[in-house]
Each structure stands twice: as structure tokens, then as C-alpha cells.
Amino acid sequence: GYYDKIVMLKQLGINVKPCLDTMLLHRLVASELPHTLGYCGSVYTEAPSWKTDRNGKKKAYGSETDWELHEYCAYDVAITAALIPPLWTEANRRNQSELIKTDHQLQSICADMHIVGMYADQQRRKEYEVKLLREVATRRDHIRTMSGYEKLNPASVHQLRELLYEDWKLDPPVEAKFLITATGDPSTSDHILRACLTLKTLTTEQREVLTNIRHYRKAQKLLGTYVTKLRPSTMEAWGGWDDDDSWMEREWREKYGVAKLGIVDPRTGRFHAGYNAHITTSGRLSSSKPINAQNFPSGLRSMVVAQKGNILVGADMDQLELRLAASRWKSQKYLEAFAEGLDPHSSVTAYAVFGELFEKAAQECGAGPFPWRTGTKFTGKAKTLRNLAKTVQYASQYAATVQTVHRVITQTET
């Protein structure tokens, strides 16, 4: 209903109807479980393990012969067909026939949004790129000066390990599982850097170096994840980390020497983000490759504009999942806030946590006294406090551990 539909429309010029997506069906039947074809096939069919070979190599990418690839594709088609009867029966047994229709309509909207894409203002993008590159260079020079290492590369985990653990001999106060990476090496993650900043034995210079490394990384991440990625596809994209990349994609590029290119179509000036209707359990949409269009930092959103002759249209169900949770758990304060048109994250959560401190911050930014209605704009300290309360509330709602909630709190920048 999404990828296959788009490919057939683009390459063959056909729009297959009716369309029935087994991932959407399985989400209705078992919302909390994986919806991949491999998982569903293992539960509802007697099919052998056909996705990988004996060494765990994915046949979709690493088939040794054409026959092996064709066999893999045939299994994919056959098992998808075999899944439809049991999933269809189960969904209807649960009286979800109307939801089947609604979910597919929503998925169709996702496909259409991907096809249409969004226009990127290249002039504005270049301005952000220059600004972030200057920040990267400035912070790198400052880090080298303060640390005394003239050739220190803040982006090198190997050099940072040497600096933190061998030269400075720091012992970050974190759980043992966070000290070591999946490859068995000492971690230099942001969690580790934040923990190091709590050490009272740090010198002023060390503290400044660690703080600047964090800001350096943030600028690099913004460059790689959003700014240079929105270059035209005729240009190389670079500048930092990209969370959308899997280890397999990185390995593939390194193996074949393939440069990472921008994602904007130079013919149209648009990029085409992915949208998913089958990921979340509540019906909320999510966004993914080649870019998460729902996660643009507020400071970079002006790169995406309406193309000449068009307008941008926004639609949002305010606090959808909090509304569901409040209804199911009969949370009186939240239900009253929704009924009265109040903003629950400020009038309930932030006010309950910070009290007069938040009310003072809200008044200072012009938001007014308690309570605050939905749509109230918060800036400065009030916005920081509201976002922190909101993040902690959702982390708790999703049953995050105490340790995870603590990390959420300590990640807050002031």
C-alpha cells in the first residue's frame, strides 16, 4: 500500500486497486508486535527462514546467485499472499473492518505526501550551512586551544577516548552498561560527556572543552542530518552524523566508494520524505527515510517553504496520544483541561511540576497567568520548562524506566 504502490505507479504507470496491506492488518491484530513479513511469516505460516542465509547475510542484498535472489523474491510474494486470509479473518473477528478501511485511507495519504514532496529553499539552506560550518570551525579551534592538543579532531571517537580515559583519566559516574559500546570500546557518547561534566574534580579548562565538544557535535549533527542532506542530488552531502543511516548503508558506501548525495530533486527543487501509517499503535503518523520530516529542529524549518504558486497546509490533532491515555486512565486533571480547551502540557504538567516558577516564566514571555489555553505560545525559559515537563510526561506514559526518565531530565539544555 505504500512502497510497492509507489514503485508500480512510478515505473509501470498502474495504480492497483483494491489494495490490502498485511502490515496494516497485523497492526490491528497485534499492535505491539513487529509487523515485518519475516516475523508474520514465522507466526502464521510454515515457511522456512528465507530472509537470510546460514551466515545471517540478507539475501535481498547479498544473494550469491540469480536463482537464490529469485527464490527469495518468490517466497516474499507467496508468504504475503498466505498471510492475508488469517489476518483478514482475525481483524474481522475483532470487529475492525471499519478500521481496516480507515488505515488504508491514511496510508494512501502518506503515499501521496511522499509523491508530492516538499520544496527546499536552497538560498536559506546555504545560509544555515555557512553558519554551522563557521560554528564547527570556531569550536574546533577553541577545543584545541583549551585542551592543548593542536591536532585534536573532536569528531574522532578514538582521539576522544584517548583524551578522556588515558590523558585525563576521567571516571564518568554512569551505569556500567553505558561505559562500553557494542564493539567493546570505551564510550564517548553524549551521555558519557554529560556524566563527566558532573565531576567536581574537573578543571575549568576541561569543563570548557567538554561543553564545546558537545556543541561541536550538535552543529555537526545538524549539518549532516538536515542541512547538507537538503542539497540537490547532484551534490555530495556531508558534514556530520546521520541517524537515518544503518550500519549496512555505511558499510555499503565505504565498500564501493559511493558518495552520499543530497536528497533534493534538482528538476523540481523538492525532497520526498517517507511517511508511515503502520508504525505507531495509536494511529499517529511517523516519518522516516530519506529524512524525518516531522523532526526538523524549529530553527531550521525555514528551509522548507511553499513553492511559488503553492501554499503550505498544516493539520494536527493536538496531544492525540495524551488524550487517549487520559481517557483510558480517567485522569481527571487532563480530562478537565481538554474539556476546557486548555493546554495540558502547561496548565497541568508544567504547572504541577514547577508551580510558581513556571507561572513567572510564562508571564515574562507574555503568555499570561495560569491557566493557559491550547495555542498559547511560550518562549525562553517557559518554553524550556514546558518541553521538559512534556518530555518527562510522555516518557512516563510510555512506561520508561526511572533511569531513562533521569537521562531525559539530564539531557535538558539550559
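## Starting at Thr22

Thr22 is a buried residue, with a relative accessible area of 12%. Before going further, keep in mind that you're looking at a predicted model. Thr22 is found in helix α2, and that helix covers residues 22-29. Which residues does Thr22 touch, once you skip those up to four places away in sequence? They are Thr80, Leu83, Ile84 and Leu87.

Now pick out Ala137 as a second landmark. Thr22 and Ala137 are 115 residues apart in sequence, and their C-alpha atoms are 49 Å apart in space.

## The overall picture

Let's zoom out. The protein has 414 residues, and 37% of them count as buried. Its secondary structure comes to 18 helices and 5 strands. If you follow the C-alpha trace along its principal axes, you get spans of about 65 × 60 × 50 Å.

What about contacts along the chain? Take the contacts with a separation of 6 or more: 59% of them are between residues 24 or more positions apart. As for the outside, the accessible surface comes to about 25000 Å², and carbon and sulfur atoms account for 55% of it.

## Two nonpolar cores

In soluble globular proteins, nonpolar side chains tend to be buried together. Here, the largest nonpolar core has 45 residues, and the members that touch the most other members are Leu210, Phe271, Phe296 and Met303. Helices that each supply at least two residues of this core include α6 (97-116), α7 (122-147) and α8 (157-167). Helices α10 (190-196) and α11 (204-227) each supply at least two as well. Which helix gives the most to this core? That's α11, with 9 residues.

Leu210 is a good one to click on. Leaving out residues up to four places away in sequence, Leu210 touches Leu164, Trp168, Leu193, Cys196, Leu197 and Leu202. Apart from this core lies another one, made of 12 residues, among them Val29, Tyr72, Ile79 and Ile100.

## Charged pairs

There are 13 salt bridges in the model. One of them brings together the side chains of Arg27 and Asp103, with N and O 3.1 Å apart. Arg27 belongs to helix α2 and Asp103 to helix α6, so this pair ties together parts that are 76 residues apart in sequence. Are these two charged residues buried or exposed? Arg27 has a relative accessibility of 6%, so it counts as buried. Asp103 is buried too, at 9% relative accessibility.

Helix α7 has salt bridges within itself. Arg125 pairs with Glu129, and their closest N and O atoms are 2.4 Å apart. These two residues sit 4 residues apart in α7, about one turn of the helix. Arg125 is buried, with a relative accessible area of 2%, and Glu129 is buried, at 9%.

Further along α7, Glu135 forms a salt bridge with Arg139, with 3.0 Å between the closest N and O atoms. Glu135 and Arg139 are 4 residues apart in the helix, so about one helical turn separates them. Glu135 is partly exposed, with a relative accessible area of 26%, and Arg139 is partly exposed at 22%. There's also a small network to look for: salt bridges that share partners join Arg125, Glu129 and Arg231.

## Looking for disulfides

A disulfide is a covalent bond between the sulfur atoms of two cysteines. How many disulfides turn up in a search of the whole structure? The count is 0. Take Cys73, which is in no disulfide: its nearest cysteine sulfur belongs to Cys40 and is 19 Å away. A pair needs its sulfur atoms within 2.5 Å to count as a disulfide, so 19 Å rules out a bond for Cys73.

How exposed are the cysteines? Cys73 is partly exposed, with a relative accessible area of 36%. Cys365 is also partly exposed, at 22%.

## A nonpolar patch on the surface

Some nonpolar side chains can be found on the outside. Leu12, Ile14 and Val16 make a nonpolar surface patch of about 260 Å². Leu12 lies in helix α1, which runs over residues 3-12. Is Leu12 buried or exposed? With a relative accessibility of 59%, Leu12 counts as exposed, because the cut-off for exposed is over 50%.

Methods
Residues numbered from 1 in each chain as written. Predicted model: local features only at pLDDT ≥ 70, side-chain atom pairs only at ≥ 80, totals over all residues. Heavy atoms only, no water. Core = buried A, V, L, I, M, F, W, Y, C linked by side-chain atoms within 4.5 Å. Buried < 20%, exposed > 50% of the residue type's maximum accessible area, 1.4 Å probe, protein only. Contact = heavy atoms within 4.5 Å. Patch = residues over 30% accessible without salt bridge, like charges linked within 9 Å, V, L, I, M, F, W, Y side chains within 5 Å. Areas by Shrake-Rupley, 256 points an atom, 1.4 Å probe, with all protein chains shown as cover. Salt bridge = Lys/Arg side-chain N within 4 Å of Asp/Glu carboxyl O.
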